[in-house]
Amino acid sequence: MREASLQAVVVGAGTMGTILAKLMAVRGVKVTVVDTNPQVLETSRMRVGIGTSICFATEWLGVERPDFVIESVTENVAVKQQVVAQIETYVADTTIIMTNTSGIPIDDIGSAMRLPQRFLGTHFFNPADIVPAVEVVPGSHTEAAVVQKACGWLARLGKRPAVLNTCVPGFVANRVQHAVMRECLSLLEKGVVEAEALDEIVQYSIGVRMALNGPFCQRDLNGLDTHLNIARYLYPDLDARQEPAVLLEEYVAQGRLGAKAGRGFYHWSDESRTQHQVRERESLQRIIEIATQQSNGDEP
Ligand SMILES: NC(=O)c1ccc[n+]([C@@H]2O[C@H](COP(=O)([O-])OP(=O)(O)OC[C@H]3O[C@@H](n4cnc5c(N)ncnc54)[C@H](O)[C@@H]3O)[C@@H](O)[C@H]2O)c1
């Protein structure tokens, strides 16, 4: 039986909103992208390219009643609160509203909503047209049926939704990523290792392994007794600072913002950044294919 076609609205036409709209359009969802900035909308239209029938609008006038709305505006709690409350005034009471926040607690964003039971977090990862995982984060008011429906839509978009039991700041991925980076920056600050050597060690050890096994599966294979023995002597020595690394603060203050600014931990030119990104997209697709084959093979 053919599935009914879906209609969606993406609010925010920046980096993520554009890629989410394209992902949906390619999968047959009828999409409207709303952004308050007409210039951003034009850039978004150009990035999407020809061949997709996405509508672009600076306001909601004329937008058909969607099945779901996803907000992907600036990562600022006040802006998001205002946007989701405004979305509610345009849609039916049954329309599901999602936020693509990277980690702001769902209840904080939904605090001004009339019906927060239809609201949840769906955290995509960049590049969102390729990376399979989406963290699905219910707030304390979100209904179970809303979570289930959102997971069904994400699966239709070719994604692998993974649901959290409860919302914590940063969700899972950013908590893990920041815990790793806190230690990496600490090792760099202490002069234990240079950035290049650290990248080499992490990428070609735990990095390549984790492309195939999540951390718990990998630790099972390694042996939990060994992990415990190491944890006992190592944890007292790990960085547990409550503030971002001084080195990071200094880099940002100096304008060393990473590839987009020409300098972060490394030097970048426009050409080297573009080349790296193009190669990365191709390689990511191959790695995901291999990882998916490996996990399918593991199924009983
Ligand atoms: N960039 C990433 O890698 C990434 C990954 C995962 C999640 N996210 C999350 O996605 C969201 C968007 O991030 P981004 O990188 O696309 O940001 P961005 O700055 O590229 O885009 C944000 C867009 O929101 C628009 N906007 C602001 N206020 C608005 C309003 N009231 N109504 C409509 N549009 C409005 C801006 O004009 C801008 O185009 C953030 O919550 C971010 O944390 C980003």
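Start by colouring the two domains: the assignment puts domain 1 at 7-163 and domain 2 at 173-245, with bounds that come from an automatic or database domain assignment. Drop a centroid on each, over C-alpha atoms, and the centres sit 33 Å apart.

Before going further, a word on the ground rules. This is a predicted model, where local features need pLDDT of at least 70, side-chain atom pairs count only at pLDDT 80 or more, and totals for chains, interfaces and linings use all residues. Residues are numbered from 1 along each chain as its sequence is written, and side-chain values use heavy atoms, with hydrogens and water left out.

**Zoomed out**

Switch to cartoon: you get eleven helices and eight strands. These are DSSP runs numbered from the N terminus, helices being H or I with at least four residues and strands being E with at least two. The C-alpha trace spans about 60 × 45 × 35 Å along its principal axes. The radius of gyration is 21 Å, which agrees with the value near 19 Å for a compact globule of 300 residues; it is taken over C-alpha atoms, and the globule rule is 2.2 Å times the number of residues to the power 0.38.

Now colour by accessibility. Buried residues make up 37% of the 300, where buried means under 20% relative accessible area, exposed over 50% and partly exposed in between (1.4 Å probe, protein chains only). If you plot a contact map (heavy atoms within 4.5 Å), residues 24 or more positions apart account for 62% of the contacts with a separation of 6 or more.

**The nonpolar cores**

Next, select Met24, Val31, Val33, Ile54, Met98, Leu120 and Phe124, the residues with the most contacts inside the largest nonpolar core, which has 34 residues. Such a core is a set of buried Ala, Val, Leu, Ile, Met, Phe, Trp, Tyr and Cys residues joined through side-chain atoms within 4.5 Å. Elements that each supply at least two residues include strand S1 (7-11), helix H1 (15-26), strand S2 (30-34) and helix H5 (144-156). H1 gives the largest share, seven residues. Apart from this core lies another, of 20 residues, with Val9, Val11, Val69 and Val73 among them.

Which residues does methionine 24 touch, leaving aside its neighbours within four places in sequence? Show its surroundings and you'll find Ala8, Val10, Val29, Val31, Phe68, Ile70 and Leu157.

Hop over to valine 31, in strand S2. Valine 31 is buried, at 1% relative accessible area. With the same neighbours within four places in sequence left aside, valine 31 is in contact with Ala8, Val10, Ala21, Met24, Ala25, Ser53, Ile54 and Cys55. For a long ruler, pick the C-alpha atoms of valine 31 and glutamate 280: they are 249 residues apart along the chain and separated by 28 Å.

**Cysteines**

Select the cysteine sulfurs. With a disulfide taken as a pair of cysteine sulfur atoms within 2.5 Å, the count is zero. For cysteine 151, the nearest cysteine sulfur is that of cysteine 167, 15 Å away. Cysteine 151 counts as buried at 17% relative accessibility, and cysteine 184 is buried too, at 14%.

**Salt bridges**

Side chains of opposite charge can pair when their charged atoms come close. Here there are nine salt bridges, each a side-chain nitrogen of Lys or Arg within 4 Å of a carboxyl oxygen of Asp or Glu.

Go first to arginine 45 and glutamate 42, with 3.3 Å from N to O. Both lie in helix H2, three residues apart, about one turn of the helix. Arginine 45 is partly exposed at 40%, and glutamate 42 is partly exposed at 38%.

Then try arginine 118 and glutamate 88, whose closest N and O atoms are 3.2 Å apart. Arginine 118 lies in the loop between helix H4 (106-109) and strand S6 (119-123) and glutamate 88 in helix H3 (residues 77-90), so the pair ties together parts 30 residues apart in sequence. Are these two buried or exposed? Arginine 118 is buried at 3% relative accessibility, and glutamate 88 is buried at 5%.

Last stop: aspartate 270 and arginine 273, a bridge of 3.9 Å from N to O inside helix H11 (residues 270-298). Aspartate 270 is exposed at 58%, while arginine 273 is partly exposed at 25%. Elsewhere, salt bridges that share partners join Glu71, Glu75 and Lys80 into one network.
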